[in-house]
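This briefing is meant to be read with the sequence and the coordinates at hand. The lead sentences come first, and the bullet points that follow are grouped by topic.

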Amino acid sequence: MVRAAILVSGEGRRMRYLLDSAFFNEIDNLEIAGVVSSDPEANALRSARSANVPAYVVDEHLFPNTGSYGLALLNMLKDIDTDLVILAGFTPGLGPAARYYSGRVLGVFPALIPAFEGVPEREVCASALNRGVRVTGATAYLADEVGRVGRILDQKTVAVLPEDTPDTLRERIFEEAEKELLLDSVRAFCAAAKPEPVSGTPEEE
């Protein structure tokens, strides 16, 4: 069973979608080890606790730099016996945790990487509208050893409509692209980690 930690910093919309998917057994071989927030006031914490999911805080404001924060985060992830890290609107850097969990950190970005790579997520849709792009979307990826977008797993496009605002575009990207990419990526990781069935024992002579 893959034990996943979901990292959050705010509302936790992606987290809630994953928790619902896990509750309805839509992801085989997955156990939610816990939700870890960088903000003790994040609404995501209340949502996790309401769903009876263990919720923890590693407050980024208590640490002087990404390195020390990442070390504290790493210790937390180890403490809850994490196999897979899922970024769900998590804003701090991962520091040493990214290297330790290399190849085991999944995320979704609300643009077609490399487009708008490096732009904060909350600004991506406004940037897309300002640039006048007609097609955007989302990208599922594995984080690299410093926590940035690494290997691209999949992408899904979303049309930009003439009447779009940053809020309406962000909502459509989530509904039409992010949810599917996130679920498929977690499913694929868990399926790959599932042990091969043991073959039957030979019949006794």
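Which backbone nitrogen does the side chain of Asn29 reach, and at what distance? In this predicted model, the side chain of Asn29 reaches the backbone nitrogen of Met1, the distance being 3.4 Å. The points below begin with the surroundings of Asn29 and then turn to two helices, to the cysteines and to backbone geometry.

**Asn29 and its surroundings**

- Asn29 has its place in the loop between α1 (13-23) and β2, and with a relative accessibility of 10% it counts as buried, the cut-off being under 20%.
- Besides the pair formed with Met1, a polar atom of the Asn29 side chain lies 3.0 Å from the backbone oxygen of Cys190.
- When residues up to four places away in sequence are not counted, Asn29 touches Met1, Val2, Cys190, Ala193 and Lys194.

**Helix α3**

- Helix α3 covers residues 66-79, and its 14 residues should span 20 Å at 1.5 Å a residue, which agrees with the 20 Å that separates its end C-alpha atoms.
- The residues of α3 that are buried are Tyr69, Gly70, Leu73, Leu74, Met76 and Leu77.
- Viewed down the axis of α3, these buried residues fall within an arc of 160 degrees, so they line one face of the helix.
- The elements against which the buried residues of α3 pack are the strands β1 (2-8), β2 (30-37), β3 (55-57) and β4 (84-87), together with the helix α4 (96-100).
- At the N-terminal end, α3 is capped by Asn65, which has a side-chain oxygen 3.2 Å from the backbone nitrogen of Gly67.
- Just after α3, the residue Asp81 adopts a positive phi of about 60 degrees.

**Helix α6 and Glu176**

- For the 28 residues of α6, a span of 40 Å is expected at 1.5 Å a residue, and the 38 Å between its end C-alpha atoms agrees with this.
- Helix α6 nevertheless contains a kink of about 40 degrees, which is centred on Phe174.
- Glu176 belongs to this helix, which runs over residues 166-193, and with a relative accessible area of 37% Glu176 is partly exposed.
- Leaving aside neighbours within four places in sequence, Glu176 makes contact with Lys156 and Val158.
- The C-alpha atoms of Glu176 and Val135 are 13 Å apart, while the two residues are separated by 41 residues along the chain.

**Cysteines**

- A disulfide is a covalent bond between the sulfur atoms of two cysteines.
- With a pair of cysteine sulfur atoms required to lie within 2.5 Å, the count comes to 0 disulfides.
- Cys125 counts as buried at 4% relative accessibility, and Cys190 likewise counts as buried, at 0%.

**Backbone geometry**

- Most residues other than glycine have a negative phi, and most peptide bonds are trans.
- Asn25, in the loop between α1 and β2, has a positive phi near 55 degrees, and at 67% relative accessibility Asn25 counts as exposed.
- Asn52, found in the loop between α2 (43-50) and β3, also has a positive phi, of about 60 degrees, although it is not a glycine, and its relative accessibility of 72% makes Asn52 count as exposed.
- The peptide bond that joins Ile113 and Pro114 is cis, with omega about 15 degrees, and Pro114 lies in the loop between β5 (105-109) and α5 (121-131).

Technical notes:
Residues are numbered from 1 along each chain as its sequence is written. This is a predicted model: local features need pLDDT of at least 70, side-chain atom pairs count only at pLDDT 80 or more; totals for chains, interfaces and linings use all residues. Side-chain values use heavy atoms; hydrogens and water are left out. Helices (H or I, at least four residues) and strands (E, at least two) are DSSP runs, numbered from the N terminus. The expected span of a helix is 1.5 Å times one less than its number of residues. Buried means under 20% relative accessible area, exposed over 50%, partly exposed in between (1.4 Å probe, protein chains only). The arc is that of the directions from the helix axis to the C-beta atoms. Contact means heavy atoms within 4.5 Å. A polar contact is a pair of N or O atoms within 3.5 Å; within protein, one must be able to donate a hydrogen and the other to accept it, and residues adjacent in sequence count only if both atoms are side-chain atoms. The bend at a residue is the angle between axes fitted to the seven residues ending there and the seven starting there.
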